[in-house]
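Open your viewer and get ready to click from one spot to the next. At each stop you will find something to select and a note on what is there.

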Amino acid sequence: MSDTVVAIIGGGPAGLFCALHAVSKERRTILFEKKMQPGRKLLITGSGRCNLTHGGDIRGFFGHYGDNGAFLKPALRGFTNRDLIAFFEERGCPVITDQNEKIFPASDRADDILSILTSTCRENGVLIRSGSQVLAVERSGDAFLIRTDGQEFRANILVIATGGASYPSTGSTGDGYLFAEALGHRIEEVGSALAPIYPEKYPFTDLAGISFDGVTVSVRRDGKVVRKVTGDLLFTHSGLSGPVILHASRFVRPGDTLSVAFLPQKEREEINALLTEGSATSGKRLVKTVLSTVPVPARFIQRLLSTAGVAEDCTAAHLTKEERNEILRLLTDWTLPIRRVGGFEEAMATRGGVALDEVHPKTMESKCIKNLYFIGEVLDIDGDTGGYNLQAAFSTAFSAARSIREKN
C-alpha cells in the first residue's frame with residue numbers, strides 16, 4: 001500500500017460516503033469523528049426515519065438550494081437521486097416514496113442507512129477513528145498536518161466534511177469553518193436555516209396548531225421586499241413554522257420584517273366586494289358570518305377581527321370603511337416585526353459556510369490549495385426540507401471521491 005494518506009474530518013453522511021468511494025489500494029483513508037459513534041445527526045433526520053432524497057427528475061432539485069443551486073448542478077448530475085437510491089437498494093435497503101415524493105428507507109429506520117455507510121467503509125478498509133476530535137489543521141509543505149486531542153497526523157489529501165452548526169449536540173459545532181479559515185478560505189456569514197421564526201409580540205399563541213395552505217411570505221428589509229416565498233404555514237405556541245417559514249428563514253437578517261399574505265392580493269377586491277355587498281344586501285348579518293366563506297380557519301377570523309378593532313357582534317351594516325380596509329390588509333399583508341430566527345439547536349440546516357467561488361463545483365476541490373476538499377453542509381449550501389440537503393451531501397461527497405481516485 002502507498003504511503004499516500006487521505007484524511008476526512010467528519011463522520012456524517014458526506015464524510016462516510018466520500019470515504020467509502022475514495023478508498024483504494026493506492027492510498028490509506030482515515031476518517032476522524034469527534035463523537036464516539038459516527039452519523040449522530042443522520043439518525044435524527046426525518047424524525048429518525050431518514051429522508052434520504054426527493055423523487056422526480058434531478059433537474060427539479062436545482063431551485064431548492066436558495067441562491068446557490070447553480071453551484072450544485074455538476075455534483076447533482078454526476079450523482080443523482082436515482083444513483084443514491086440504487087446504492088442503498090443494491091446493499092439490501094429498499095426505499096419507499098411518500099405522497100410528497102420524500103424518499104425513506106422502507107424500514108423507516110435511519111440507523112439502517114448509517115449501518116450500510118459504516119459497514120461499507122470498514123469492509124473497504126477505511127480506518128474510522130471515532131472519539132477523535134480534530135483541534136487544528138495546517139498546511140505543511142505539500143501535505144496537511146492534522147492535530148487531534150491525542151496526536152498529530154500527516155495527510156496528503158484533506159477532506160473537510162464537518163457539517164454546519166445546527167444541532168450542535170450531534171457534533172456539528174462549526175469546526176470546519178475554523179479549519180477552512182486557517183487554510184485561507186473565506187467563510188460566508190453563518191446562521192440558522194430551516195428554522196422557525198419568532199415575531200415580536202406574537203399574536204397567535206392561543207391559535208397554535210392552525211395551519212394554512214399556499215400562504216405567501218415576504219421578507220422586508222429597509223422597506224423593500226428582499227425575498228418572497230409561497231408554501232404552507234403553521235402557527236405554534238411561540239412563533240411561525242411550516243415549510244414556507246422554514247424556507248424563508250435562510251433569508252432573514254436582524255431588523256427584518258415578515259409580511260404574511262394569508263390570501264393572495266388578487267382576492268382582495270373579491271373580499272372587499274363580499275363585505276360591501278354584505279352591508280348593502282344583508283346588513284344585519286355579522287361580519288364574522290359574512291367572512292365565513294373566506295378560505296381561512298374560523299378561529300383565525302375571530303383573531304383577525306379583534307386585531308382590526310372590529311367587535312365580535314359587529315354587523316356588516318355597521319362596518320366602517322377603515323375597518324374594512326384593515327381586515328383586507330391583515331388578510332393580504334399581516335406585518336410582523338421579527339424578533340429572531342430559531343437558533344442552531346432547533347434549525348435543521350445552516351446557511352453560509354465556505355465561499356463557493358473558492359471551490360471547484362465539479363470536484364469540490366479548493367481553488368486555493370491543491371488536494372483540499374470541502375463537501376456537504378460546511379459549504380455555503382442549504383437546501384429545502386424534503387431530502388435536498390442529504391442529496392447534496394451525498395452528491396458532493398461522490399464528486400470529491402471521484403476526483404481523489406483520479407489523482408496519481
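Start by selecting Cys121 and Cys18 in this predicted model. The sulfur of Cys18 is the closest cysteine sulfur to that of Cys121, and at 9.4 Å the two are too far apart for a bond. A disulfide would need the sulfurs within 2.5 Å. Cys121 itself is buried, with a relative accessibility of 0%.

Next, pick Cys93 and Cys50. Here the sulfur-to-sulfur distance is 8.5 Å, and Cys50 holds the closest cysteine sulfur to Cys93. That is again too far for a bond. Cys93 counts as buried too, at 5% relative accessibility. How many disulfides does the structure hold? The count is 0.

**Helix α5 and its neighbours**

Now select residues 175-182, which make up helix α5. Which residues of this helix are buried? They are Asp175, Gly176, Tyr177, Phe179 and Ala180. Show those five as sticks, then colour the strands they pack against: β1 (5-9), β7 (134-140), β10 (157-160), β11 (187-193), β18 (349-354) and β19 (372-374). Following α5 you will come to Gly184, a residue with a positive phi near 95°.

**From β11 to β18**

Keep two of those strands in view, and select Glu189 and Arg351. Their side chains form a salt bridge, with an N to O distance of 3.7 Å. Glu189 belongs to strand β11 and Arg351 to strand β18, so this pair ties together parts that lie 162 residues apart in sequence. Turn on a surface to see how the partners differ: Glu189 is exposed at 51% relative accessibility, whereas Arg351 is buried at 10%.

While you are here, add Arg186, Glu188, Asp357 and Glu358 to the selection. These four residues are linked in a network of salt bridges.

**More salt bridges**

How many salt bridges does a search of the whole structure find? It finds 22, and two further examples are worth a click.

- Select Asp57 and Arg59: they form a salt bridge whose closest N and O atoms are 3.0 Å apart. Asp57 is partly exposed, at 42% relative accessibility, while Arg59 is exposed, at 58%.
- Select Glu346 and Arg340: in this salt bridge the closest N and O atoms are 3.8 Å apart. Glu346 is partly exposed with a relative accessible area of 25%, and Arg340 is partly exposed as well, at 35%.

**Two backbone stops**

For the last part of the tour, switch to the backbone. Most residues other than glycine have a negative phi. Select Tyr167, which is not a glycine and yet has a positive phi of about 50°. Where is Tyr167 found? Look in the loop between β10 and α5, which brings you back to the helix you visited earlier. Tyr167 counts as partly exposed, at 24% relative accessibility.

Finish at Lys201, another residue that is not a glycine but has a positive phi, in this case about 45°. You will find Lys201 in the loop between β12 (197-199) and β13 (211-221). Is Lys201 buried or exposed? With a relative accessibility of 82%, Lys201 counts as exposed.

Technical notes:
Residues are numbered from 1 along each chain as its sequence is written. This is a predicted model: local features need pLDDT of at least 70, side-chain atom pairs count only at pLDDT 80 or more; totals for chains, interfaces and linings use all residues. Side-chain values use heavy atoms; hydrogens and water are left out. Buried means under 20% relative accessible area, exposed over 50%, partly exposed in between (1.4 Å probe, protein chains only). Helices (H or I, at least four residues) and strands (E, at least two) are DSSP runs, numbered from the N terminus. Contact means heavy atoms within 4.5 Å.
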